[in-house]
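Subject: A structure for you to explore

Hello! Here is the structure I promised to pass on to you. Please open it beside this email and follow along as you read.

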Amino acid sequence: MNNILLKIRSYFYLLPNIVEALFSKPETIDYPAVTHRLSESYRGSVRIIAENCVGCGLCVRDCPAAALTLEKDSKHSFRLIHYRDQCTSCGQCELSCKFDSIYLNNTYQKASANRKDFFEVLVDKTMKK
Amino acid sequence: MNLSVLIFKIFIFPGFLFLLVTALFLHWLDRKLIARFHGRVGPPWYQPLADLVKLFAKEDILPSGTNLIFAALLPLISFASVLTASFYLPIAIQSTPSFQGDFIVLMFLLSMPSLMYFLAGWVTQGVYSVIGGNRSLLQYFSYEVLFLLAMSGTAIASGSWSLADIRLAQLKEGPFIFPQVVGFLLSLAGLIGKLKREPYDIPKAKSEVIAGALTEFSGKKLALWYLTIQLQTVVGLSFLIHCFFSGFWQMNTIGGFFIFFLLLVILQGILSAISAIYARLRIDQLIHLNWNIFIPLTLLHNIYILLI
């Protein structure tokens with residue numbers, strides 16, 4: 001008898017949930033106007049502390065998505081470029097960096113149709129000729 | 001009857017335009033309610049109309065090797081049969097000519113789209129279409145029997161296969177919903193199968209067969225298919241309301257119309273809640289549920305009606 005009651009209850013156990021959902025606020029957010037609240041450890045955009053960067057190229061070597069390139073003229077003249085469309089936010093560059101320069105924060109890039117938004121010059125230490 | 005009144009009745013109220021607006025409204029209500037049950041926002045009120053207009057404007061493509069005449073005829077036939085069914089049914093409490101056996105005619109006309117759905121899968125020749133069509137035919141034999149047997153409880157109680165007599169019997173003895181709650185719930189289950197809604201949505205299971213028999217359809221033909229299914233919802237629900245609730249009102253009254261519309265909205269809400277709560281059944285579960293539980297229950301129910 002108890003088993004049958006449990007079985008009948010199992011057919012209706014989602015009913016309270018949908019009634020609750022019907023009378024509560026929707027979970028959907030008004031996206032471009034309101035952004036998601038993300039945890040501190042969320043891996044989003046790639047940022048850099050340009051003063052720390054020495055242009056060693058470890059991040060470029062280790063990036064599995066080949067999203068970083070280093071244009072090096074001499075030891076102290078280089079440009080580090082990040083291609084956002086290739087980046088998978090894996091965080092390998094942060095792990096590889098020996099100078100605490102490159103890191104990922106918990107913001108993210110909004111979708112764009114503009115070609116210029118797909119890459120970003122992170123460090124520009126080219127010597128002026 | 002005056003010709004202009006007849007044209008008004010056929011094309012505007014309670015004919016085509018009223019049905020179309022009600023169908024789009026119920027479709028919106030369905031999507032909105034399911035979204036709210038999921039904790040989402042849901043579409044704005046004009047979304048079903050916008051979808052329909054968009055589909056009518058889109059290019060109409062079919063895979064090569066498709067029988068084009070059949071592919072064009074099938075949605076038209078199912079649309080026409082649902083519309084024809086609506087003319088036999090006192091939708092929105094407007095009295096219609098009734099004859100002995102129109103109950104069976106209505107049953108037949110309402111089951112036409114399911115057959116056309118199977119053929120649609122067959123003629124478009126896609127893998128998913130053929131599987132979806134076959135699945136719909138497999139399901140057809142279990143829910144159609146259930147729907148007919150459960151609905152025939154009202155015919156047994158009134159002693160006639162005519163919709164007008166079913167209503168007259170209800171006016172005398174009170175609405176059939178009270179003695180026949182079980183029959184009503186079982187016919188609702190049958191109707192869910194007919195409309196291919198969850199948990200009977202095996203023929204159009206998205207994760208398995210994309211859109212079932214309609215996978216290869218696009219543009220106007222797909223719009224017509226969607227419109228047919230939406231109209232079928234209105235006509236099917238009106239059929240249920242007529243057979244189980246029509247003792248509550250007199251014909252051609254405004255009060256009766258409001259009760260009718262309220263019942264339509266409530267029943268659509270129940271369908272949406274069922275869609276949100278239950279997952280899709282497996283084919284063997286469906287066959288087991290219908291043939292081993294629901295149909296014997298319906299037979300017992302009909303014997304009980306005969307005895308009282």
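**What I found**

A good place to start is chain B, where α1 (3-11) and α2 (16-38) each supply at least two residues of a nonpolar patch. Please keep in mind that this is a predicted model.

**The nonpolar patch**

The patch lies on the surface and is formed by B:L3, B:L6, B:I7, B:F8, B:I10, B:F11, B:I12, B:L17, B:V21 and B:F87. Together these residues have about 900 Å² of accessible area. Which helix gives the largest share of the patch? That is α1(B), with 6 residues.

Take B:V21 as an example from the patch. This residue lies in helix α2 of chain B. Is B:V21 buried or exposed? Its relative accessible area is 52%, and the cut-off for exposed is over 50%, so B:V21 counts as exposed.

**Where the two chains meet**

Now turn to the contact between the chains, which takes 12 residues from chain A and 10 residues from chain B. Chain A and chain B bury about 950 Å² between them, and 67% of that area is on carbon and sulfur atoms. On the chain A side, A:I18, A:L22 and A:P26 supply 48% of the area that chain A buries against chain B, more than any other three residues. Helix α2 (residues 15-22) of chain A gives the largest share of the side that touches chain B, namely 4 residues.

How many salt bridges are there between chain A and chain B? The count is 0. There are, however, 6 residue pairs in polar contact across this interface.

**Salt bridges within the chains**

Over all chains, the structure holds 12 salt bridges. As background, side chains of opposite charge can pair when their charged atoms come close. Three of these pairs make a nice tour.

The first stop is in chain A, where the side chains of A:E120 and A:R47 meet in a salt bridge of 3.1 Å, N to O. A:E120 lies in strand β5 and A:R47 in strand β1 (residues 46-48), so the pair ties together parts of chain A that are 73 residues apart in sequence. A:E120 has a relative accessible area of 19%; buried means under 20%, so this residue counts as buried. A:R47, at 26% relative accessibility, counts as partly exposed.

A:E120 has another partner too: its side chain makes a polar contact of 3.1 Å with the side chain of A:R84. Which residues are in contact with A:E120, leaving aside its neighbours within four places in sequence? They are A:V46, A:R47, A:L80, A:I81, A:H82 and A:R84.

The next stop is in chain B, where B:R197 forms a salt bridge with B:D30, and the closest N and O atoms are 2.9 Å apart. B:R197 sits in the loop between α8 and α9 and B:D30 in helix α2, so this pair ties together parts of chain B that are 167 residues apart in sequence. Both B:R197 and B:D30 are buried.

The last stop is the salt bridge between B:E208 and B:R135, with 2.8 Å between the closest N and O atoms. This pair also links distant parts of the chain: B:E208 is in helix α9 of chain B and B:R135 in helix α6 (residues 127-158), 73 residues apart. B:E208 is partly exposed at 40% relative accessibility, whereas B:R135 is buried at 16%. Salt bridges that share partners join B:R135, B:D201, B:E208 and B:R280 into one network.

**A few backbone details**

The loop between α8 (181-195) and α9 (206-209) of chain B, where B:P199 is found, is worth another look. The peptide bond from B:E198 to B:P199 is cis, with omega near 0°. B:K196 has its place in the loop between α8 and α9 as well. Its phi is near 55°, a positive value in a residue other than glycine, and B:K196 counts as buried at 8% relative accessibility.

Chain A offers a case of positive phi too: A:S89 has a value of about 55° although it is not a glycine. You can find A:S89 in the loop between β3 (77-83) and α4 (92-96) of chain A.

Enjoy looking around, and write back with any questions!

Definitions and conventions: Residues numbered from 1 in each chain as written. Chains lettered and ligands numbered in written order. Predicted model: local features only at pLDDT ≥ 70, side-chain atom pairs only at ≥ 80, totals over all residues. Heavy atoms only, no water. Patch = residues over 30% accessible without salt bridge, like charges linked within 9 Å, V, L, I, M, F, W, Y side chains within 5 Å. Areas by Shrake-Rupley, 256 points an atom, 1.4 Å probe, with all protein chains shown as cover. Salt bridge = Lys/Arg side-chain N within 4 Å of Asp/Glu carboxyl O. Buried < 20%, exposed > 50% of the residue type's maximum accessible area, 1.4 Å probe, protein only. Contact = heavy atoms within 4.5 Å. Buried area = accessible area lost by both parts, 1.4 Å probe. Polar contact = N/O pair within 3.5 Å; in protein donor to acceptor, adjacent residues only side chain to side chain.
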